[in-house]
Amino acid sequence: MENFTLEKRQLCDIQRRLFEFALKAGLDCPAFIESFMNSRTVAALDNVYDRLQWAGEEYILEELDDETGGLKKAGETYSMEVMYWAGYTYRYWHYYTGESSREIYEIADARTMDECWLGFHTFDVEMAVDDLREIYEQKRQ
């Protein structure tokens, strides 16, 4: 991808670590992902620049917990590998297409990411995004 700067790669990594941290914190993974991808917190991360982008995963999770009035504990969990891949892929997707996290989540929700991980995690991220978009379009037709 053109203009995939060091800063953008670092932000992908921060979001990856956030998703892993949510799993380690014992949160319900699908509920966490849905809350995050539709939050004001992630909208700040989608901005060209926001202080929250460099706050670290613990602080971002606290912000989200405050915003939602408390994230759901326990429940369904995904593997660490799924959380790693989903967190990184969602942020990369934003930089690749310019779509907001909310729009991205409409195309590929948490369950879709969990179901597609096994087949897609070895793909180039852009190829995985393109394939996820194609699956969405096929479902719509």
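**An all-helix chain and its core**

Hi everyone, let's begin with how this chain is connected: among contacts between residues at least 6 apart in sequence, 74% join residues at least 24 apart. Please keep in mind that what you see is a predicted model.

Now, what is the chain built from? There are 8 helices and 0 strands, so to speak an α-α-α-α-α-α-α-α run, read from the N terminus on.

Next, the overall dimensions. The C-alpha trace spans about 35 × 35 × 25 Å along its principal axes. A compact globule of 141 residues would have a radius of gyration near 14 Å, and the chain agrees because its own value is 14 Å.

Let's go inside. Of the 141 residues, 45% count as buried. The largest nonpolar core has 44 residues, and the ones touching the most other members are Phe19, Phe32, Ile33, Phe36, Met83, Tyr90 and Leu132. Which elements give two or more residues to this core? They are α1 (6-24), α2 (29-37), α3 (40-46), α4 (57-68), α5 (80-97), α6 (101-107), α7 (110-120) and α8 (125-140). The element that gives the most is α5, with 8 residues. As background, nonpolar side chains tend to be buried together in soluble globular proteins.

Let's pick out Met83. Leaving aside residues up to four places away in sequence, Met83 touches Phe19, Glu20, Leu23, Cys29, Phe32, Ile33 and Tyr78.

Finally, the outside. The accessible surface comes to about 7400 Å², and 47% of that belongs to carbon and sulfur atoms. As for charges, the chain has 15 positive and 29 negative ones, and their mean positions are 2 Å apart. Thanks for listening!

Note on methods:
Residues are numbered from 1 along each chain as its sequence is written. This is a predicted model: local features need pLDDT of at least 70, side-chain atom pairs count only at pLDDT 80 or more; totals for chains, interfaces and linings use all residues. Side-chain values use heavy atoms; hydrogens and water are left out. Helices (H or I, at least four residues) and strands (E, at least two) are DSSP runs, numbered from the N terminus. The radius of gyration is taken over C-alpha atoms; the globule rule is 2.2 Å times the number of residues to the power 0.38. Buried means under 20% relative accessible area, exposed over 50%, partly exposed in between (1.4 Å probe, protein chains only). Contact means heavy atoms within 4.5 Å. Accessible areas come from the Shrake-Rupley method with a 1.4 Å probe; for residues, only the protein chains shown count as cover. Lys and Arg count as positive and Asp and Glu as negative; His and the chain ends are not counted. The place of a charge is taken as NZ of Lys, CZ of Arg, CG of Asp or CD of Glu. A nonpolar core is a set of buried Ala, Val, Leu, Ile, Met, Phe, Trp, Tyr and Cys residues joined through side-chain atoms within 4.5 Å.
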